[in-house]
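Q: Please take a close look at any enclosed space inside this protein. What surrounds such a space, and how are the surrounding parts arranged?

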Amino acid sequence: MRIFLVRHGNTFGPGDKVVWVGARTDLDLTPEGRAQAKAVGKALKFLGAAPGALYFGPLKRTVQSAEEINALFDLSPDRCHVCEELREIDYGTWEGRSNDDIRADHGSEAIDGWQKRNVWPDGFNWSPSLDRIKVNWAGLIGRVIAGRADGDAVIVSSNGIFKLVAEELGIPKENAKMATGSISVLNVPESGEISVETWSQRPGQILPD
């Protein structure tokens, strides 16, 4: 089977102040974000995806992205699963603040560590814990693989979760980030050992011109 990881589409439009959006900030997709999610669905079709199940976080940005994708696959409600494990990280004291705000208050070491080297920042009340996120992911991916008889799977979540998943999958830390509206493809043979086929490709890199 293949597992397609999808980061939700944009939640900020032109001119908006871009801030850290985590578990406590439930934004809708922008019109561009919805268009990104629709393009993801087309790219999945082009890649020959045959999903038997769709998994997504409970926040509006992931729910709406999943809805746009499923418009092309028409999976029944019993095959569309809202998963608390896919909720974005609660960014604690960084939530709702811009990069500049965080740097002004705390310097650049912690924020650069996370953004450039995937280093979990201590002391800012992020939750759940790093270990809990990894345990949650292991449990979820086990359930996904157990359903392989139904076909491929699509998992829609957010940047923080996928950055940590990337490290578990052996992606270099500096390449861990998934762009908004991008797709990563995992291969899962009968042995169950996961390998990464591609990481963070936008639909424009997949679909023909």
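A: A cavity is a set of grid points where a 1.4 Å probe fits but cannot get out, and its lining residues are those with an atom within 4 Å of a point. The model considered here is predicted. A search of the whole structure yields two cavities of 30 Å³ or more.

The second largest cavity holds about 30 Å³ of space. Its lining is made up of Met 1, Gly 52, Ala 53, Tyr 55, Val 144, Gly 147, Asp 150, Gly 151, Asp 152 and Ala 153. When these residues are sorted by class, five are nonpolar, three polar and two charged. Two strands, S2 (51-56) and S4 (152-157), each contribute at least two residues to this lining. Strand S2 provides the largest share, three residues.

The next step is to place these strands in their sheet. The sheet is open and has six strands in the order S3-S2-S4-S1-S5-S6, with mixed pairing. Its edge strands, each paired on one side only, are S3 (80-82) and S6 (195-201). From one strand to the next, the twist averages 15°. Strands S2 and S4 run parallel and are joined by five bridges. Two strands count as paired if at least two bridges are found between them, so S2 and S4 form a pair. Pro 51 stands opposite Asp 152 in S4, and Asp 152 is also one of the residues that line the second largest cavity. Helix H1 (residues 31-46) packs on the sheet, where it touches S1 (2-7), S4 and S5 (183-187). The direction of H1 makes about 35° with that of S5.

Attention now turns to the largest cavity, which has a volume of about 40 Å³. Around it lie Ile 133, Lys 134, Trp 137, Ile 161, Leu 164, Val 165 and Glu 168. This lining has five nonpolar residues, no polar ones and two charged ones. Helices H5 (130-146) and H6 (159-168) each supply at least two of the lining residues. Helix H6 gives the most, with four.

The packing of these two helices deserves a description of its own. Two packed helices are described by the angle between their axes and the distance between the axes. H5 and H6 pack at an angle of about 75°, and their axes are 11 Å apart. Because angles from 65 to 115 degrees count as roughly perpendicular, H5 is roughly perpendicular to H6. In their contact, Leu 130, Ile 133, Lys 134 and Trp 137 of H5 meet Ile 161, Leu 164, Val 165 and Glu 168 of H6. By class, this contact has six nonpolar residues, no polar ones and two charged ones. Ile 133 and Trp 137 in H5, together with Leu 164 in H6, are among the residues of this contact that also line the largest cavity.

A second helix pair may be set beside this one. Helices H3 (residues 99-106) and H4 (residues 109-117) pack at about 135°, with their axes 8 Å apart. That angle makes H3 oblique to H4. Asn 99, Ile 102 and Arg 103 of H3 make the contact with Ile 111, Asp 112 and Gln 115 of H4. This contact of H3 with H4 has two nonpolar, two polar and two charged residues.

Definitions and conventions:
Residues numbered from 1 in each chain as written. Predicted model: local features only at pLDDT ≥ 70, side-chain atom pairs only at ≥ 80, totals over all residues. Heavy atoms only, no water. Axes fitted to C-alpha atoms, helices over the stretch in contact; angles between N-to-C directions. Parallel < 35°, antiparallel > 145°, perpendicular 65-115°, else oblique. Contact = heavy atoms within 4.5 Å. Nonpolar A, V, L, I, M, F, W, Y, C, P; charged D, E, K, R; others polar. 1 Å grid on protein atoms, 1.4 Å probe; cavity = no way out; pocket = protein on both sides within 12 Å on 5 of 7 lines; lining within 4 Å. Points joined across faces, edges and corners; volume = space filled by probe spheres on them.
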